[in-house]
Amino acid sequence: MSDNYDVAVIGSGPGGYVCAIRAAQLGLSVVCIDKRGSHGGTCLNVGCIPSKALLHASELFIEKNKFSSMGIETDNVSLNLETMMKYKDDGVQGNVKGIDFLFKKNKIENFYGEAKIISPNKLAIKSNDGEDKEIECKNIVIATGSVSSSLPGIEISGEKIISSTEALSLNAVPNKLVVVGGGYIGLELGSVWSRLGSDVSVIEYLDRITPGMDSEISANLEKILTKQGLKFSLNSEVTTIDENNSGAVVTIKNRENSDEQNIEADIVLVSTGRKPYIENLFGDGVNLDLTETGFIKTDTHLRTSLDGVWAIGDVVEGPMLAHKAEEEGIAVAELIAGKPGHVNYDIIPSVIYTSPEVASVGMTEEQLKENSIKYSVGKFPFLANGRAKVNNTTEGFVKILSSSETDQILGVHIIGDQAGNMIGEASVAMEFEATSEDLARICHAHPTLSEAIKEAALSVDGRALHM
């Protein structure tokens with residue numbers, strides 16, 4: 001290992017490892033330090049990848065209920081949770097090893113240990129194997145990500161009161177699971193365990209789930225998940241969670257009438273958000289400006305208040321999304337190399353991987369109204385889409401919002417099967433400032449679910465063909 005680098009990246013999650021690879025591609029000497037002992041950060045190890053493995057497996061498991069209607073006769077379909085967890089773990093390891101390969105290919109040095117910034121151009125590294133080292137670096141990129149947060153006065157023990165990390169590795173299906181928080185993490189993991197047999201209740205402080213999503217999409221998702229068996233207590237504040245030998249008791253108070261009730265559970269999943277992880281990152285005398293909420297302050301080019309120190313991903317403000325971190329990592333690497341680097345924060349898609357999926361990019365109707373922007377709406381239901389009909393995936397719709405004055409697309413919201421894949425088309429269209437008319441005139445393959453996007457674009461002008 002060298003003692004001097006052009007770039008030192010702290011953290012090898014999606015933002016960090018992508019930043020390291022791009023910097024190496026641009027001819028810079030790069031080292032990446034990660035304390036976990038494996039690459040990929042939260043996303044690959046205990047987040048995006050393992051959760052999607054369990055979502056996929058549990059969705060296939062519950063699909064058995066539809067087999068007979070398609071002429072597929074099955075007997076004695078059962079759950080082997082241990083094997084499902086191994087399937088999940090194998091998928092994680094495959095992805096982690098992929099980063100190992102990419103680091104070797106791009107001649108990136110990596111170090112497993114805890115890095116501390118002792119000056120703008122120097123790191124002290126405490127190795128996981130006990131070796132201490134200091135390195136010089138012209139640039140430091142902070143990509144340390146985030147950790148689960150809890151409610152005031154409620155401690156996540158990892159036993160009966162758990163975070164998303166433990167929810168990915170339960171060794172038995174809980175009879176009763178209470179999910180605190182109706183955001184994407186809680187809904188995804190709640191869906192997994194509901195499909196595998198848990199009685200799932202979701203407690204949400206606000207008056208609707210998925211805060212920040214388009215409210216019409218949110219309302220439809222709640223209806224669909226309720227049909228699937230999830231129970232929702234909205235406008236409800238969790239006041240206490242008492243852990244005991246058999247489980248936990250959650251006390252909630254209705255925010256409208258102050259009525260209280262206790263809910264018993266085998267497991268309580270606290271999914272009330274995440275917070276930036278910067279613990280033990282700064283040495284004595286190293287002061288870096290933070291926001292009031294604990295994020296690292298940066299300028300529009302992701303520079304921190306210390307010269308030569310940059311920050312990306314969940315430690316800076318903005319949506320805590322892996323692909324947002326990746327784009328920031330690429331931008332920072334290019335800026336360090338003297339090239340233009342840019343992230344368009346107005347066009348960052350988000351996806352909730354429930355069944356059906358929810359995907360959005362751009363502004364919601366509520367945001368357009370708040371900003372007094374005149375807009376038109378085009379919608380098309382999957383119930384009228386030929387491929388969705390034969391696939392028996394007719395729940396949901398596509399919703400396109402465009403300017404009433406210019407017809408430029410301002411937001412696209414999809415609830416339906418494969419919404420996460422389809423939102424990419426909308427992102428491309430919006431990046432190139434397309435209008436709904438542009439999207440409506442693009443030939444879409446038939447029969448595909450993406451035809452619903454074309455029909456929604458036609459619907460903006462009242463011209464939907466199949467509705």
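In this predicted model, five strands make up an open sheet in the order E17-E18-E21-E20-E19, and their pairing is antiparallel. The edge positions belong to strand E17 (350–352) and strand E19 (375–381); each has a single partner strand, so one side of each is left without a neighbour in the sheet. From one strand to the next, the twist averages 10°.

Within this sheet, strand E18 (residues 357–362) pairs with strand E21 (residues 409–416) in the antiparallel sense over six bridges. Ser360 has His413 of E21 opposite. Two helices are in contact with the sheet. Helix H7 (residues 215–227) lies across E18, E19, strand E20 (397–403) and E21, and runs at about 5° to E21. Helix H13 (residues 451–459) packs on the sheet with contacts to E19, E20 and E21, and its direction makes about 140° with that of E19.

A further open sheet of five strands has the order E7-E14-E8-E9-E10, with parallel pairing. Strand E7 (161–162) and strand E10 (231–233) are at its edges, each with a single partner strand, so one side of each is left without a neighbour in the sheet. Strand E9 (residues 199–203) pairs with E10 in the parallel sense over three bridges, and Val202 has Phe232 in E10 as its bridge partner. Helix H6 (residues 184–195) packs on the sheet and touches strand E8 (176–180), E9, E10 and strand E14 (267–270). The direction of H6 makes about 165° with that of E9.

The nonpolar side chains come next. In soluble globular proteins, such side chains tend to be buried together. The largest nonpolar core holds 50 residues, of which Val9, Val30, Ile33, Ile117, Leu123, Val141 and Ile142 touch the most other members. Helix H1 (residues 14–25) gives the most to this core, with seven residues. Leu123, when residues up to four places away in sequence are not counted, touches Ala8, Ile10, Ile33, Ala115, Lys116, Ile117, Ile118, Lys133, Glu134, Ile135, Cys137 and Ile140. A second, separate core has 34 residues, among them Leu55, Val200, Leu225 and Val358.

Some backbone features in loops can be listed together.

| Site | Backbone feature | Loop |
|---|---|---|
| Ser355 to Pro356 | cis peptide bond, omega near 5° | Pro356: between E17 and E18 |
| His446 to Pro447 | cis peptide bond, omega about -5° | Pro447: between helix H12 (436–440) and H13 |
| Asn76 | positive phi, near 60° | between helix H3 (48–62) and helix H4 (81–105) |
| Asn392 | positive phi, near 60° | between helix H10 (386–391) and E20 |

The loop with Pro356 joins two strands of the antiparallel sheet, E17 and E18. The loop with Pro447 leads to H13, a helix that packs on that sheet. Asn392 is in the loop between H10 and E20, and E20 is one of the strands that H7 lies across.

Asn76 and Asn392 each have a positive phi in a residue other than glycine. Asn76 has a relative accessible area of 77%, and therefore counts as exposed, for which the cut-off is over 50%. Asn392 has 43% relative accessibility, so Asn392 counts as partly exposed.

How values were computed:
Residues are numbered from 1 along each chain as its sequence is written. This is a predicted model: local features need pLDDT of at least 70, side-chain atom pairs count only at pLDDT 80 or more; totals for chains, interfaces and linings use all residues. Side-chain values use heavy atoms; hydrogens and water are left out. A nonpolar core is a set of buried Ala, Val, Leu, Ile, Met, Phe, Trp, Tyr and Cys residues joined through side-chain atoms within 4.5 Å. Buried means under 20% relative accessible area, exposed over 50%, partly exposed in between (1.4 Å probe, protein chains only). Helices (H or I, at least four residues) and strands (E, at least two) are DSSP runs, numbered from the N terminus. Contact means heavy atoms within 4.5 Å. Two strands pair if DSSP finds at least two bridges between them. Axes are lines fitted to C-alpha atoms, for helices over the stretch in contact, and angles run from 0 to 180 degrees between N-to-C directions.
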